[in-house]
Amino acid sequence: MTKAMVGMIGLGTMGRNLVLNMADHDISVCGYDKDTAQQKRLSDENNRKVTVASSIGEFMENLELPRKIILLVPAGKIVDYVISDLKPLLTKDDILIDGGNSHFTDTDRRYADLQVMGVHFMGMGVSGGEKGARYGPSMMPGSNKESYEVMRPILEKIAAQADGKACVQFIGNGAAGHYTKMVHNGIEYAMMQMISEVYGLLKAAGMSNDQLHDFFVECNASHLQGYLVEITADVFLKEDELTNNRLVDMILDKAGQKGTGMWTSQSALDLLVPITIIDSAVSMRYISSFKEERVKLAGEYQTHVHDLEVDLENIKHVCKEVLYLGFILCYAQGLHLLQVASNKYTYEVHIAHVLEVWKGGCIIRSALLNHFQQAYQEEPNLMNPIASPHFVHEISDRIDVIKIFLKICLEVNISSPAISAAYQYITSYTTGRLPSNLIQAQRDYFGAHTYERLDQAGIFHSEWELSHS
């Protein structure tokens, strides 16, 4: 019996689709899942390049040596349980790839643990959803270059393509792949929140779902071209089979999440990097979940949206420019965090390579990535993209537009926390002197925390309490 080139553990939607993607590229795969229904579903595909094992032992026997095993199971303890089951059966030089959204600290721990056995563990971010898995995802593998080179021919075959290149590259050492995917998801949260805030204003301005569809189609044909904008246009045309209304109008306003946005915010706090737009997007998902409380308090506080009378063509222009500026700042905050993390954890991430990987197959792909890629090609160690000449005018020319947007939202009681955070971020980050000197004075007053001076170097402390005789 010919043994399979690759093994897949976890045959849910993502795992099954990735298996079929590999089979399409003449890569033989053996799949395994503890759920027999998932085993049967893959078996029913009757694909000549795919075999399905009914036990973990059979699965391992069906793989050529050294084994190449991909896990697509829920992040957390389940990954550890699967590794525990595999450990007695793994041999030196086997490669184990976690393709789920694992926390980067778990990936570091698993990598170190398996290295002792001579087994290579790779944390690999995978973006693109079920369609991406089936026809070409964006993939972000970390670990070490040696194990990546073994996997590279397979990964390049199944990856999305952009500009004639496969959307997969070695991202960096250790948990760099999962860290990069976490940051990707944080950026995704922020972009989605911004789109929803623009939608909220345009809907208040009286635009129908058909008009909203047309607006986002126009956006996607402009400098805003990107996957999230494209699918947003489609959303407004989908009909609800139960009511014949548009489905978007029948969906409860409670946004779900799986935790990667929260992890991005937590890591940024640890690394002292401001990612205020991403933070606001994460918080808004929490706020949206308090539906019953929100409905009750809306009656108490009377914060309903007022009638909005505006020049519709003008407000559409404002919204387009606000989204463009907002998207620049979403990417900038995420990439700033990724650069700091790479330096801190010695990941040795090349951001220009990451941007190439994101250009096809992934959820946050957009035309804007070309501009960021140029910036990082010219300055590989660029810490924050807003300092790049590529973006100074792009940002500064749109500051007045974002103020117009926020002024309208304030006047009619429309919530816009992410776009507001974007404005406050760029305003603060480009202000030469902030009022933070007062905070330092207060800290030194009550806690003797000291301060620095404008006119001379050194650390100072003063006795602040005044005599009231």
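Biologist: Let's start with Arg-134: is it buried or exposed?

Modeller: We are looking at a predicted model, where local features need pLDDT of at least 70, side-chain atom pairs count only at pLDDT 80 or more, and totals for chains, interfaces and linings use all residues. Residues are numbered from 1 along each chain as its sequence is written, and side-chain values use heavy atoms, leaving out hydrogens and water. Buried means under 20% relative accessible area, exposed means over 50%, and partly exposed lies in between, using a 1.4 Å probe and protein chains only. Arg-134 has a relative accessible area of 17%, so the word for it is buried.

Biologist: Which residue forms a salt bridge with Arg-134?

Modeller: Side chains of opposite charge can pair when their charged atoms come close. A salt bridge here is a side-chain nitrogen of Lys or Arg within 4 Å of a carboxyl oxygen of Asp or Glu. For Arg-134, the closest N and O atoms of the pair are 2.5 Å apart, and the partner is Asp-24.

Biologist: How many residues apart in sequence are the parts that Arg-134 and Asp-24 tie together?

Modeller: Helices (H or I, at least four residues) and strands (E, at least two) are DSSP runs, numbered from the N terminus. The salt bridge runs from Arg-134 to Asp-24. Arg-134 lies in helix H6 (residues 129–135) and Asp-24 in helix H1 (residues 13–24), so the separation in sequence is 110 residues.

Biologist: And Asp-24 itself, which class of accessibility does it get?

Modeller: The class lies between the cut-offs for buried and exposed. Asp-24 has 48% relative accessibility, so it counts as partly exposed.

Biologist: Which residue meets Asp-26 in a salt bridge?

Modeller: The N to O distance of this pair is 3.3 Å, and the partner of Asp-26 is Lys-49. Asp-26 lies in the loop between H1 and strand E2 (29–32), and its partner in the loop between helix H2 (36–43) and strand E3 (50–52), so parts 23 residues apart in sequence are tied together. The partner is buried, at 18% relative accessible area, and its name is Lys-49.

Biologist: What is the phi angle of Asp-26 near?

Modeller: Asp-26 is partly exposed, with a relative accessible area of 47%. Its phi is a positive value in a residue other than glycine, and it is near 65°.

Biologist: Which other residue has a positive phi of about 65° although it is not a glycine?

Modeller: Look in the loop between helix H18 (399–412) and helix H19 (417–429), where Asn-413 lies. Its relative accessibility is 34%, so Asn-413 counts as partly exposed. The residue with the positive phi is Asn-413.

Biologist: How far apart in sequence are Glu-356 and Lys-165?

Modeller: Their side chains meet in a salt bridge of 3.1 Å, N to O. Glu-356 sits in helix H15 (residues 351–358) and Lys-165 in strand E9 (residues 165–166), so this link between distant parts of the chain spans 191 residues.

Biologist: How many salt bridges does the structure hold?

Modeller: The pairs we met are among them, including Arg-134 with Asp-24. The total for the structure is 28.

Biologist: Which helix gives the largest share of the lining of the largest cavity?

Modeller: On a 1 Å grid over the protein atoms alone, a cavity is a set of points where a 1.4 Å probe fits but cannot get out, and lining residues have an atom within 4 Å of a point. The largest cavity has a volume of about 30 Å³, a volume being the space filled by probe spheres set on points joined across faces, edges and corners. Helix H8 (176–204) and helix H10 (227–235) each supply at least two lining residues. The largest share, three residues, comes from H10.

Biologist: Is Gly-226, one of the lining residues, buried or exposed?

Modeller: Gly-226 is in the loop between helix H9 (209–220) and H10. Its relative accessible area is 4%, so Gly-226 is buried.

Biologist: Which residue is joined to Leu-65 by a cis peptide bond?

Modeller: Omega of that bond is about -15°. The partner is found in the loop between helix H3 (56–61) and strand E4 (68–71), and its name is Pro-66.

How values were computed:
1 Å grid on protein atoms, 1.4 Å probe; cavity = no way out; pocket = protein on both sides within 12 Å on 5 of 7 lines; lining within 4 Å.
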